[in-house]
Amino acid sequence: MITVAQVIVDVAAYPVDRPFDYLVPAEMTQIIEIGSRVKVPFGPRNVLGFVVAIANETDVPVEKIKPVTQLLDIEPVLTHEMLELAKWLKNETICYEIDALQVMLPSALRAKYEKIVNLQTEVERLPESLQELFKTTQHVNVNVFEKNNMLNELKQALKNKHVTIENIVKQKGKVKEVRKVQIIENVQKLTEIHQQISNRAKKQKQLVEWMQSHSGEIMDPEVIYKETNSSPQVLNTLIELGAASFVKQEIYRDPFAKEVQKTDFLNLTEEQSVALNQITRAIDQKQPETFLLHGVTGSGKTEVYLQTIAKVLSDGKEAIVLVPEISLTPQMTERFRSRFGELVAVMHSGLSVGEKYDEWRKIHQGKVKVVVGARSAVFAPFENVGIIILDEEHESTYKQEDSPRYHARDVAIRRGKHHQCPVILGSATPSLESFARAKKNVYTLLNLKERALKQSMPKVEIVDMREELKKGNRSMFSLNLVESIQQRLDRKEQIVLFLNRRGYSSFVLCRDCGTVLQCENCDISLTYHRKNEKCKCHYCGYEIHVPKTCPQCQSDHIRFFGTGTQKVEEELAKFFPGARVLRMDVDTTRTKGSHEQLLQAFGDGKADILLGTQMIAKGLDYPNITLVGVLSADTSLHLPDFRAAEKTFQLLTQVSGRAGRHEKPGEVVVQTYTPEHYAIQLSQAQDYEPFYEREMYMRHQAGYPPYYYLALIQVSHEDVLMAADYAGKAAEWLRSQLSYNVSIIGPTAAGISRLQNRYRYQCLLKYKVEPDLIPTLLQLIKIYRSDWIKKGINLSIDLDPNMI
DNA sequence: GAATTCATCCTT
DNA sequence: AGGATGAATTCA
């Protein structure tokens, strides 16, 4: 009988997006399992693959089938649930199955491919130019040849059979090991050794005596030295005598910087208890119910999560908690660690590859029961999930922007169904989609209308910046804000200032000819960064030195427009000379741990004003913050996106929520040029429902979600005409295939019409029901794929896109 | 006629 | 995707 493994290979392309059959060598048949990774030959190279099925027969002719080269896992890395989920993702989001599989694993488990040139002859027979490279070794990486510009020589050597090329598959991640000492168990033997040792070797005698009372134990050598006042020399002699041996032990890298204190349950308010009871009921009844926990800022959603998790853990199940990347601050993770201690794993982009791998292994090996993490933590390999929680449910970071373009919310609900467990979506400002579903009783709505400590909501004041201008105030701070800031400074209270833009200025303009500095590769104006006198593109990383004269007209009247965090920082120094300002944006938090350090410093009162972008809007919870200033509420409002109003409302509500969370009452000052806009008006009262009603009306009028579903088809090419032309062709074909229930808009140039030197055109599909949509889109790819690849056209499909 | 570029085909 | 194979094109 034969054993055949069906393998999804690590090659992202449509023609190979299906399982391939491989023979399982006899010695592997007992250990190979579904969900294991394998190394397999594929065409002329070796690749990594995932075993998705095992069979005893195959349709592949004997002369074609090849054996599995190597089994990489003794324990499978993916469960059956995950393999199912991958197929579901492939259908749901239109992606390659391999992408869906890879996204579920830490990058450490993905393959690293290397091409190695192996020497096949004596060095002396090589042409002189190559001899140098092979002087000390038989194997040289191909990229060494590339670096030295010797690809032609390599080709020649290959032809002469002097060398061969081998494709090797390496693992990225390494299990970190430490060397420990294992003392033998046999006390008798230790006594014998003790007798062998000469009486002059006092230290050795001492150490053996000590070992007798610790027989069988595995210990850190350092501990042994300390305990017995001995040294490596002494220990080594004893190891030679057979009293102990060195063993390697797997350890986890510890991403937690410091110890946390254990905390206990907080008392719940009436509303919190009601919510908790409802969720507990669903857990007990194994109902895969979705709850929308709508609680105002400071209403204690986290405490509800914590107590739900406690319940789940006591049932012997596991919990997954998702938080937006940005709010995955130590403050948030500490709350979970302080409640559940060592049972918590943390997963976010701030961890190194190795750390992520270790956290993943803790989950995989069942060492932890709770995972707190960003989007991808929704794939935590638990096998008995009791609850899945998405905090700040409305956040756009839950949608992955590249393939597989999944939404963590959908995956969570899908996994909830599999595990027969509820899902909690929590937010002070739910997405319209979720709230609408709650209204239709698809989700169960749970309300927390009061703050947990009964604090009043902060007072929000809206300042019309046009009036300020009329009064002759041309600075970026309104008189009102200046006064409020000064007041807090005097009272030694803290201030948070929020600005939606990093860098110094938003664009650089020549006053004579009106030229705006543009990125060479993208259709984006460059942002001026004062620190190194450079203009940067925030999309592709292109940067140039600030020109002294205009590149168009050589005039030297160059001016910087718009306001970035750096500029505000300078202005603050002018207005409030004594104030200590902390600036927090992508530029100041680039290095590992700097995010934490900055917040820590602010929390410790080492600064008066925290000035930041997006990243400070969430999770910030310090008692001394009594004033929040929003410098310009308009920035997000005027984005060409149908969710602009929703985003603005959410942002203002979230930012406002940072103030007055404890005893001292909070105040919020919002500066804007459009105070009459409903998103700004309604955020003043911080009342969600009126905004919901109003925005739903707008969406209905314009035909956007939640009334319609969207699909975005994007076509890019180096040449504008090609991009536009083929986007048109795609739209035309879709129009001919899809029913009248789908309206197809476009093609139009994308919001950023050129990115990384490629022009982008897109068309938007709007529909309510269209069961054949996905099959039709797949058909589109199938028909045009080869033609497009030839012409360099790139097409991407985003179902349920975040931005359009 | 060899060298180089291009197109097409295939991967178990 | 990435590599091999074979045809088309270039060049001396």
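1. Is Cys540 buried, partly exposed or exposed? In this predicted model, Cys540 counts as partly exposed, because its relative accessibility is 23% and the partly exposed class lies between the 20% and 50% cut-offs. Cys540 is found in the loop between β24 (534-536) and β25 (543-545), and, if residues up to four places away in sequence are not counted, it touches Cys519, Asn521, Cys522 and Gln756.

2. Cys522 makes a useful companion to that residue. Cys522 has its place in the loop between β22 (507-510) and β23 (527-529), and it counts as buried because its relative accessibility is 0%. When neighbours within four places in sequence are left aside, the residues in contact with Cys522 are Cys537, Cys540, Arg754, Leu755 and Gln756.

3. These cysteines also appear in a database record. An unreviewed UniProt entry carries the annotation "binding site" for Cys519, Cys522, Cys537 and Cys540. Although they are spread over 22 residues of sequence, they cluster in space, with a largest C-alpha distance of 8.7 Å.

4. The surface near DNA strand B deserves a careful look. Of the 14 residues around DNA strand B, those that come nearest are Asp21, Tyr22, Val60, Lys64 and Lys66. Of the atoms of DNA strand B that come within 4 Å of the protein, sugar and phosphate account for 53%. By residue class, the surface near DNA strand B divides into eight nonpolar, one polar and five charged residues.

5. Individual atom pairs add detail to the picture of DNA strand B. An N or O atom in the side chain of Lys66 is 2.2 Å from a phosphate oxygen of DNA strand B, while for an N or O atom in the side chain of Lys64 the distance to a phosphate oxygen of this strand is 2.8 Å. Gly43 takes part through its backbone, where an N or O atom lies 3.2 Å from a sugar or linking oxygen of DNA strand B. The elements that give two or more residues to the surface near DNA strand B are β2 (20-23) and β3 (37-42), and the largest share, three residues, comes from β2.

6. DNA strand C can be described in a similar way. The residues that surround DNA strand C are Val11, Ala12, Ala13, Pro15, Pro44, Arg45 and Lys115, and they divide into five nonpolar, no polar and two charged. Of the atoms of DNA strand C within 4 Å of the protein, 65% belong to sugar or phosphate, and the rest belong to bases. Arg45 has a polar side-chain atom that lies 3.3 Å from a base nitrogen of DNA strand C.

7. Some points of backbone geometry should be checked by eye. Most peptide bonds are trans, and most residues other than glycine have a negative phi. The peptide bond from Ser403 to Pro404 is cis, with omega near -5°, and Pro404 lies in the loop between β17 (385-391) and α15 (408-419). Pro705 and Pro706 are likewise joined by a cis peptide bond, with omega about 5°, and Pro706 lies in the loop between α23 (688-702) and β31 (709-717).

8. Two lysines have a positive phi. For Lys286, in the loop between α11 (270-284) and β13 (290-295), phi is near 55°; for Lys454, in the loop between β19 (444-448) and β20 (459-464), phi is near 60°. Lys286 is partly exposed, with a relative accessible area of 48%, whereas Lys454 counts as exposed at 56% relative accessibility.

Terms used:
Residues numbered from 1 in each chain as written. Chains lettered and ligands numbered in written order. Predicted model: local features only at pLDDT ≥ 70, side-chain atom pairs only at ≥ 80, totals over all residues. Heavy atoms only, no water. Helix = DSSP H or I, 4+ residues; strand = E, 2+ residues; numbered from the N terminus. Buried < 20%, exposed > 50% of the residue type's maximum accessible area, 1.4 Å probe, protein only. Near = heavy atom within 4 Å. Polar contact = N/O pair within 3.5 Å; in protein donor to acceptor, adjacent residues only side chain to side chain. Nonpolar A, V, L, I, M, F, W, Y, C, P; charged D, E, K, R; others polar. UniProt positions renumbered as here; feature names shortened; annotations may be inferred. Contact = heavy atoms within 4.5 Å.
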